[in-house]
Amino acid sequence: MLVAIDIGNTNIVLGVFEGAELVVSWRLLTLRERTADEVGLMVAGLFSHRRLDIGRVDAVVMGSVVPPLTPILRTMATRYLGRDPLVVDPTTNAGMPILYERPGEVGADRIANSIAAYEQYGRRLGLPLIIADLGTATTFDAVTSQGEYLGGIICPGPQIAADALFQRAARLPRGDVRNPPHVIGRTTVGAIESGLFYGYLGMVEGLMKRMTGELGGRATGIATGGLAPLVLPETRAFEAHEPDITLHGLRIIWERHQP
């Protein structure tokens, strides 16, 4: 039994694997003030709720983009899961060539996404890949047909835009990120919701098109992230939806380190 932990800016996602099968995954809110014992008790409770024997955990792999939480989760894994985790470092132990000018700046989650996407799609199709993580911060990562991390794009998600609009425009109400019934809003809230959703959709489609052009005109698009189910029904920019791609990438990295 392998436990994979993805420490993100918004959520901490834990996945339990039996071989290559993801048995269950949980999502915790990322709070930098939490202690190792607080997280450990929550994890133990989640295992108990699913009637999983926490004593059967054989290994832990962890990727983090929140440096203050890395030692806390490492202590949690050692204390409550009984295993010292493999902490993914994109530059030293991930196993993917990075063509970034400063490889150390690439987040572990982006490399894990890229590795999983290449293993599942890149090797088989022989095309460059674009992995779009549609979330609080939206990222686009390009992988060459040879399995090299080329680079990508980072931009704000629609919730960040909504918060900024509400804070900086005194008379505008707060709008939700959802797919509105009309592009042309008939109310102020409707107009805001349309701008947030269709503005974001246009950005995603435009960036996918430009990245595909820079990759030679053909690329396989893979979507993940919390906003993917909202966006995918409205676009043809992607060939696949992989909601658990980061966890699978962490699993593959761990497997590469086994004898």
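**Exercise 1. Work out how far helix H3 is enclosed by the rest of the structure.**

Step 1: start with the count, which is 13 buried residues out of the 18 in H3. Buried here means under 20% relative accessible area, exposed means over 50%, and partly exposed is in between (1.4 Å probe, protein chains only). With that many residues buried, H3 is largely enclosed by the rest of the structure.

Step 2: keep in mind what you're looking at. This is a predicted model, where local features need pLDDT of at least 70, side-chain atom pairs count only at pLDDT 80 or more, and totals for chains, interfaces and linings use all residues. Residues are numbered from 1 along each chain as its sequence is written, and side-chain values use heavy atoms, with hydrogens and water left out. The helix and strand labels are DSSP runs numbered from the N terminus (helices: H or I, at least four residues; strands: E, at least two).

Step 3: check the shape of the helix. From its first C-alpha to its last, H3 reaches 24 Å, close to the expected 26 Å; that expected span is 1.5 Å times one less than the number of residues. There is a bend of about 50° at Tyr 118, taken as the angle between axes fitted to the seven residues ending there and the seven starting there. Just after H3, Gly 126 has a positive phi of about 70°.

**Exercise 2. Find the aromatic pairs and say how two of them are arranged.**

Step 1: a search of the whole structure turns up 3 aromatic pairs. Rings of Phe, Tyr and Trp (its six-membered ring) pair if their centres lie within 6.5 Å; planes under 30 degrees apart are stacked, over 60 edge-to-face, and the rest tilted.

Step 2: take Trp 26 and Phe 47, a tilted pair with 5.4 Å centre to centre and 50° between the planes. They link distant parts of the chain, 21 residues apart, with Trp 26 in strand E3 (residues 21–29) and Phe 47 in helix H1 (residues 36–49). Trp 26 is buried at 11% relative accessible area, and Phe 47 is buried at 1%.

Step 3: now try Tyr 100 and Tyr 149. Their ring centres are 5.9 Å apart and their planes are at 65°, so this pair is edge-to-face. Tyr 100 sits in the loop between E5 (86–87) and H3 (108–125), while Tyr 149 is in E8 (residues 149–156), 49 residues apart. Tyr 100 is partly exposed at 23%, but Tyr 149 is buried at 0%.

**Exercise 3. Trace the open sheet of 5 strands and one helix packed on it.**

Step 1: read off the order, E3-E2-E1-E4-E5, with mixed pairing. Two strands pair if DSSP finds at least two bridges between them. The edge strands are E3 and E5, each pairing on one side only.

Step 2: zoom in on E2 (residues 11–18), which runs antiparallel to E3 and is joined to it by 8 bridges. Ile 12 has Leu 28 in E3 as its bridge partner.

Step 3: add helix H7 (residues 245–256), which packs on the sheet and touches E1, E2, E3, E4 and E5. Contact means heavy atoms within 4.5 Å. The direction of H7 makes about 125° with that of E1; axes are lines fitted to C-alpha atoms, for helices over the stretch in contact, with angles from 0 to 180 degrees between N-to-C directions.
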